[in-house]
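Let's take a walk through this fold, one piece at a time. Keep the viewer open and follow along.

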Amino acid sequence: MQYKIGDKVKFLDQKGGGTVCKIINSTTVHVMIEDGFEIPCLIHDIIKVEVPKTYAEKIFNQGPSVNEVPFESKKLSATNSLVEEDLNMVDESENAENTEYDRISPLHKGHVKAPQVEGVYLAYVPHDQQWLLTGLIDIYLINYTPYEILYTYAVKGNDLLYGVDFGNIPAQSKILVQTIERDEFNQWEQGIIQILFHIEERKTCIQPISSEYRVRANKYMQTESYIYPVFLREKALLLSICKLSEHEQNTSVTHLSEKEDFTFKSSIAKSEKENSPIVKHLVSKDLAEVDLHIGELVDDYYLLSPKEMLDIQLSYFTKCLEDAIMHKIHKVIFIHGVGSGTLKRELQLILKNYDDIHCFDASMAKYGVGAIEVFIGNKN
C-alpha cells in the first residue's frame, strides 16, 4: 500500500497509531505519535485508517466551490443528511467512535523565542516545512487555555456563511479542521469562529466569543509570515481568535459573596480603567511607563507591514499622552526601543504640537538609549 504525508495509520503489532509525517523510501515512513515524537516504521507494520470526511470536506467536495454555488443549495436538509450519515457510521463501524479523537492532539510544551499569550488560535500549517509556500496545508483550531472549549467554525463565501465544523477541544489541545490544497486557500481565508468555555468549578464564567477573522491574500504567500508558535513543533501562519486574559476579566457572573452595591461600584471602576489606556501603565500616582514595542501592543504583528506597525505605535502613543494630560499625570516614560530611530523621531514631532510638555532622554542606567521622559506641565 502506498502512503502519503498526512495519512492516519495504526500499528499492527502494538496499540496506538499516528500520522505519516515523512516518506523515507518505498518501505519506510516516519509516523508522528500522539506525544509529538516521530518514529520510523516499516510499511508492512502499519495499516492506513480511513477517516470519515469532515463537514468541510462534504460541503466543499460536492460540486463547485464555495465561491461558485450559493449556500441555499446546501441548506438545512443537506446538513441533516450529513448528520444522519455520521450517525450511521457510528453504528456501523467500531472505529468511527474514535474519529473525533483522531483529529485531536495535545499541544507541544516547550520554549521558543516567540511565545504566545494564552487563548484560542487558528493555524495554517504547511506540510512541507522546508518549502513553506508549496504543498498541502493543515488548518488547526488551537485551544491554548486551561479550559475545555466548545466551538463552531464557519467560512465565508459569496457573502454567505458555510458551517464547516463544530465540536469540543480539550484544554491545551488542537483539532485538525481540514487539510487543503494550496489553490483552495481562498475558500478558507475568512470566516467566523464562536467559542464557549466550559468551566467545571469557578466563581465566575467567561463570556462566549464570536470572532470574525480574515487572512490577507498576500500573507500566506510570504515566507516571513510563518513562525514557530510556542505550542507547535512546526512553522505556521497564526491568527489570534481571542486572548484568554481579556475574556476572563469580562465576566458575566459576579463573585457569589459580593453585595449588589459593591458589584455596581466595581463594574464602574473597571469600565473606567478599561477605557483609560494610561491607567494600566501607572507605576505611581504621578508616573507611568508605556512600552511601545509592537509586540506589546498586538499579537499578530508579524502579519503587519513596517508602516502599519509604526501607525499602531504612534496611535497608541497619542492616546496615552492625551489620557495622561486629562488625568494630570506629571511624568510618562515612553519606551520606544533602539531600532533605526524612526519611532523616536516621530514621537518628538508629535510632542512639538503640545504646549507645556517637555521631552528628555530617559535614564540610561534604567532604560538604556531606548526611552524618553515626557513631563506634563512644569518640570519642577
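I195 stands opposite I209 in β13. The strand carrying I195 is β12 (residues 190-198), and β12 pairs with β13 in the antiparallel sense over six bridges. A word on terms: two strands count as paired if DSSP finds at least two bridges between them, while helices (H or I, at least four residues) and strands (E, at least two) are DSSP runs numbered from the N terminus. This is a predicted model, so to speak of local features takes a pLDDT of at least 70, side-chain atom pairs count only at pLDDT 80 or more, and totals for chains, interfaces and linings use all residues. Residues are numbered from 1 along each chain as its sequence is written, and side-chain values use heavy atoms, with hydrogens and water left out.

Zoom out from that pair and you'll see four strands in an open, antiparallel sheet, ordered β10-β9-β12-β13. Its edges are β10 (160-169) and β13 (209-214), each pairing on one side only. Ignoring direction, neighbouring strands here are turned by 20° against each other on average.

Now head to another sheet. Five strands make up this open one, in the order β4-β3-β2-β1-β5, again with antiparallel pairing. The edge strands are β4 (38-42) and β5 (46-48), and each has a partner on one side only. From one strand to the next, the twist averages 45°. Look at β3 (residues 28-32): five bridges join it to β4, and the two run antiparallel. Within that pairing, V31 has I39 of β4 as its bridge partner.

Next up is β17 (residues 331-335), where four of the five residues are buried (under 20% relative accessible area with a 1.4 Å probe, protein chains only; exposed is over 50%, partly exposed in between). Strand β16 (residues 287-291) pairs with β17 in the parallel sense over five bridges, with L287 partnered to K331. Five bridges also tie β17 to β19 (residues 371-376), this time antiparallel, and there I333 is matched with E373.

Finally, the helices. The axes of α7 (residues 306-326) and α8 (residues 342-351) come within 11 Å and cross at roughly 40°; axes are lines fitted to C-alpha atoms, for helices over the stretch in contact, and angles run from 0 to 180 degrees between N-to-C directions. Among the residues that meet (heavy atoms within 4.5 Å) are L310, L314 and F317 in α7 and L343, L347 and I350 in α8.
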